Amino acid sequence: MRVSIATDHNGVIEKQELITFLKEMNVEVIDCSENNTPTDDYPDFALVVANKVASKECDLGILLCGTGIGMSIAANKVKDIRCAKVSSVDEARLSKEHNNANVIALSYKEEMTKLKEMIKIFIETSFSNEERHIRRVSKITSLES
């Protein structure tokens, strides 16, 4: 499993702790925001992560910013990306199980325990492959045409 991760100027410390956590899970991590500055723009980092996932260089992506909202909006502009702004463990599970999300966007302000739990569930959950979910994801994909 290879995961790309990035943050803007918010969440740099949290990102480092999450990278350590991911490596402990035997996940290969690609840090897409190694050199953050106070004037970072989150769309730049969302684009790098999304492109790595869309090109299949990485299996999944994780984005961090103040709320996760801006990152998710930016990432979803990339073809073949289904980025979910996740705020709970249940949303992390359902984003993958029902929507086949391949990127999640999180607020770095969440407690670290919760961030780790959401990421772990996101990585470990599989797409359900139920007909209704396949149909719905297919409709989402068709919107990119």
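**Notes on the fold and the H4/H5 packing**

1. Reading from the N terminus, the protein chain's elements follow the order β-α-β-α-β-α-β-α-β-α-α. That comes to six helices and five strands, taken as DSSP runs (helices H or I, at least four residues; strands E, at least two) numbered from the N terminus.

2. A word on the basis: this is a predicted model, where local features need pLDDT of at least 70 and side-chain atom pairs count only at pLDDT 80 or more, while totals for chains, interfaces and linings use all residues. Residues are numbered from 1 along each chain as its sequence is written, and side-chain values use heavy atoms, leaving out hydrogens and water.

3. Now the overall dimensions. The C-alpha trace spans about 45 × 30 × 25 Å along its principal axes. The radius of gyration is 14 Å, which agrees with the value near 15 Å for a compact globule of 145 residues (taken over C-alpha atoms; the rule is 2.2 Å times the number of residues to the power 0.38).

4. Of the 145 residues, 44% count as buried (under 20% relative accessible area, 1.4 Å probe, protein chains only). Among contacts (heavy atoms within 4.5 Å) with a separation of 6 or more, 67% come from residues 24 or more positions apart.

5. One helix pair to look at: the axes of H4 (residues 89–97) and H5 (residues 112–124) come within 8 Å and cross at roughly 20 degrees. H4 is therefore roughly parallel to H5 (angles under 35 degrees, between N-to-C directions of lines fitted to C-alpha atoms over the stretch in contact).

6. At this pairing, Val89, Ala92, Arg93, Ser95 and Lys96 of H4 meet Glu117, Met118, Ile121, Phe122 and Ile123 of H5.

Conventions. Axes fitted to C-alpha atoms, helices over the stretch in contact; angles between N-to-C directions. Parallel < 35°, antiparallel > 145°, perpendicular 65-115°, else oblique. Buried < 20%, exposed > 50% of the residue type's maximum accessible area, 1.4 Å probe, protein only.
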